[in-house]
Amino acid sequence: MNIKWAMAIDLDRCTGCGACVVACVAENNIPVVGEAEVEKGRLMQWLRVARYWEGEYPEAQAVYLPVPCMQCERAPCETVCPVYATYHNEDGLNAMVYNRCVGTRYCANNCPYSVRVFNWFDHKWEKPLDEQLSPDLTTRSRGVMEKCTFCIQRIRRAKETAEEEGREIRDGEAVPACVQTCPPGALLFGNMADPHSEITRKLKDPRRFRLMEHLGTEPRVVYLKRQKGAGR
Amino acid sequence: MNGSDHLARTDPGALYRELSRSNLPTTKKWYLGVALLSLVVLWGVGCFIYMMKTGMGVTGLNRPVMWGVFIASFVFWIGLSHSGTLISAILRLTNATWRAPILRGAEAMTAFALMVGGLFPLLHIGRNWRFYYMIPYPNSRQLWPNLRSPLMWDAVAINTYLLGSLTFLYFGMIPDLAIARDHATGWRKKFYSALALGFRGTHNEWRRYHVASTIFAILIIPVAVSVHSIVGWDFAMAKVPGWHSTIFAPYFVTGAIFSGIAGVVIVMATLRKVFRLERVLTVVQFENLGKLLCTMSLLWGYFYFADFLTVWYNRNPEEWEVFRSYAADYLPLFLVMIGCNFVVSFPLLCMRRVRRSIPALSVVSLMIVIGMYAERIMIVVPSLARRNDPFIWHNYFPSWVEFSILAGALALFLLLYTIFAKFFPIMAINDIQERLFQTTDRKIGGVTVESIGMPHDTGKGGHG
Amino acid sequence: MSGIVVVGLFDAVDPAAAAARALRALPLPEGDVTTLSPMPLPDGAVCRDPRGIGFPRFTLVGWFAGALAGLALALGTYLLYPLITGGKAIISVPPTLIVTYEVAMLGALAGTLIAGFWEMGLCRFRTRLIHDPRIQEGKILLCARVSGDEEARRAMDAMETAGGTDVRPEEGEL
């Protein structure tokens, strides 16, 4: 079966709680850099919940926008890498090969969503915190870029299980950590090439839009617009 | 008129001694200078090793400002390198008669500025020790560079330009190395004999030397233009507001030549002072360079205005935010740039008195070099600091490690130049001799003017 | 082929030119009379160079060789590493042009340098070459390649008559 992974983010449901970010950090061995480094703009999180304000005080309202890697079909980050460290894989995902990366950081500059993060230092997990590291993926050394992979290790595992059992991968079998965790269920993940999947239905929602669509990057992450009106 | 068919209007031995003053006496001052510069270079190298061992986090870089002063310096030094080879090639081709004393110093500047500039991308990358991943050679890692990346275009272009500039520098120097060989003794004789490649000055050699110099000059000009265009495209290819502009390639080339000429003025004024070359490097050279600077300042201002105007009128919000930061967080830098490059320097350069005063012109040139460095930072940093998503906006200020490495790079350039001046003919002796030979004094009524006879059957304009 | 070369030092261009005319009248072929001078003299001022200047064609040869190499690098990359980036086609024309251009220019520079050195006769470190460092004092060394003692004597006469000093036969290559 043809696979095109996609994610839908329903902004009407997002409460900005940040559980997705915590899940992502836990799943992907993302280092916690501490307050001082964060203040310097060196947060390592692959997924950020951007918060904007709408209206003036006292009528001000917070708007939350979770921004993972958009897995653009026409990813600007890929073309500029001089060593093919980031390229498009067969599932249409924007793959990042840490071992190839030399750290020119051109990809991060060319990403309009600024979702790529750089390992400014080697990161250590003090004992016994190193026990929390997931064995399914590496920790990254200093000097390489990293970014959201749609939890590629989970996708791989689901695909392998399906293959062992000699069947197609089922809808909802591969779920990134953020999607699995989101308490209000604002995130949805699936194969948009499958006409019967939930994501395909969701993508027909008239509220759909994509971030900075005018740039022509064709993101695989689709947002569902927040409704305005009474009770919101 | 003293025997116009004598090859030497002045005593050639004395001329050689005068022009090669930089080579002969190694004074205590020289050792002291070299030691000092070496210390600064070592400090820079030490800081680089520290940065490599610890991580790029020791710089002031962050998200979104992933490129900082290293990339700005890369652009700056590559731009500075455009002085020498390009100017020297254009002067050769247009047969500018005042060019002879400038050639060598400018060409050497190109070579060393390129070497220093070429280091910066390697300093800048996160895993410096893996730089060879970018070199296309068959390897067991199945790694190969991506030619679609502008960084690879850069690598290929700078490779060509560096080799071309070194060739240009060396080839132009061969007759002077032969002169040095014939005057030198001891180990220097062996050194120059090897480098002069057996050039003696036969009629056949001279004729072919002329043609080859002309061809090199013709070849190096498009290469120089392409190199800085590609440096501009590093930015223009990106989806970054403020970078993505069609004007960048010619704008970068203009800026490069602008800062390059300013660099040449500073180098020439220094050489003149240090090696007492007042008789050769006269006001004529400086005034002409001053005129070129004046033109380039105007051209730079024109390009900047053209780029600014389109954004200002269009008010595309993404680009406008970048420009708004020029008036806020980056205002001091913006003022330095616009003041040094145009507002202050252009009127000064319009004044004959300034152009004809070597100290004044040197100060203006220094101003321009500073202004152009500010311009490089203004290109790299604010655009990144005001990327599309306001949530991640962040400013940038370089750390002490970056400042140390920048100082080390400047010291490396000066050190390379000092060593070059010690061992190589820093003045194009042969060109100066030839020009003296071609010049006769001619009386027109009550005045005596210099008259230059240029043979048209050999090396028309090709010779340097 | 090493031979006998008669050399003489001249202080100025005019006597050297007179000597050269006398040598040509001996007669010696144009290609066997040449000068060593500290700076270029116009062709015909003293002697004339009968050989055509052929090496510029190697600039073109180098350019095309470089262009081929650049093209091979670009096309080879597309062929051997067909990795899709940015959803774009594997083969892209502008980068190919840029890489081809830069390598072509490198080839042209290299071609000019190598062919130029070859035709100028540089890098002959093992050959004994006629040379006199005194030309750096502003003198001209007139050289005539001769065959046989008789011709050598007549050439030396011609040079001395025209005002040459230190006229002598030397063994070496021009």
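What follows is a short chat about reading chains B and C of this predicted model.

Reader: Before we start, how do the names and numbers work here, and which parts of the model count?

Author: Residues are numbered from 1 along each chain as its sequence is written, while chains are lettered from A and ligands numbered from 1 in the order in which they are written. This is a predicted model, where local features need pLDDT of at least 70 and side-chain atom pairs count only at pLDDT 80 or more, but totals for chains, interfaces and linings use all residues; side-chain values use heavy atoms, with hydrogens and water left out.

Reader: OK, how many helices and strands does chain B have?

Author: Helices (H or I, at least four residues) and strands (E, at least two) are DSSP runs, numbered from the N terminus. Chain B has 17 helices and 2 strands. Its radius of gyration is 24 Å, close to the 23 Å from the globule rule for 464 residues, so chain B is as compact as a globular protein of that length. That radius is taken over C-alpha atoms, and the rule is 2.2 Å times the number of residues to the power 0.38. Along the principal axes, the C-alpha trace of chain B spans about 80 × 55 × 40 Å.

Reader: What does the same check say about chain C?

Author: Chain C has 4 helices and 4 strands, and from the N terminus they run β-α-β-α-α-β-α-β. Its radius of gyration is 25 Å, well over the 16 Å that the globule rule gives for 174 residues, so chain C is more spread out than a compact globule. The C-alpha trace of chain C spans about 85 × 30 × 25 Å along its principal axes.

Reader: What share of each chain is buried?

Author: Buried means under 20% relative accessible area, exposed over 50%, and partly exposed in between (1.4 Å probe, protein chains only). In chain B, 62% of the 464 residues are buried; in chain C, 51% of the 174 residues are.

Reader: Which helices of chain B could I look at for this?

Author: Try H9 and H5 of chain B. Helix H9 (residues 248-274) has 27 residues and reaches 38 Å from its first C-alpha to its last, close to the expected 39 Å. The expected span is 1.5 Å times one less than the number of residues. In H9(B), 22 of the 27 residues are buried, so this helix is largely enclosed by the rest of the structure. After H9(B) comes B:Arg276, with a positive phi near 50°. Helix H5 (residues 100-124) of chain B has 25 residues and also reaches 38 Å, close to the 36 Å expected. Here 20 of the 25 residues are buried, so H5(B) is largely enclosed too.

Reader: And charges: how many positive and negative side chains are there in each chain?

Author: Lys and Arg count as positive and Asp and Glu as negative; His and the chain ends are not counted. Each charge is placed at NZ of Lys, CZ of Arg, CG of Asp or CD of Glu. Chain B has 41 positive and 24 negative side chains, with the centres of the two sets 5 Å apart. Chain C has 15 positive and 19 negative, and those centres lie 6 Å apart.

Reader: Last one: is C:Phe125 buried or exposed?

Author: C:Phe125 counts as exposed, at 52% relative accessibility. This residue sits in the loop between helix H3 (93-120) and strand E3 (140-146) of chain C. Contact means heavy atoms within 4.5 Å. Leaving aside neighbours within four places in sequence, C:Phe125 is in contact with B:Ser193, B:Ala194 and B:Leu197.
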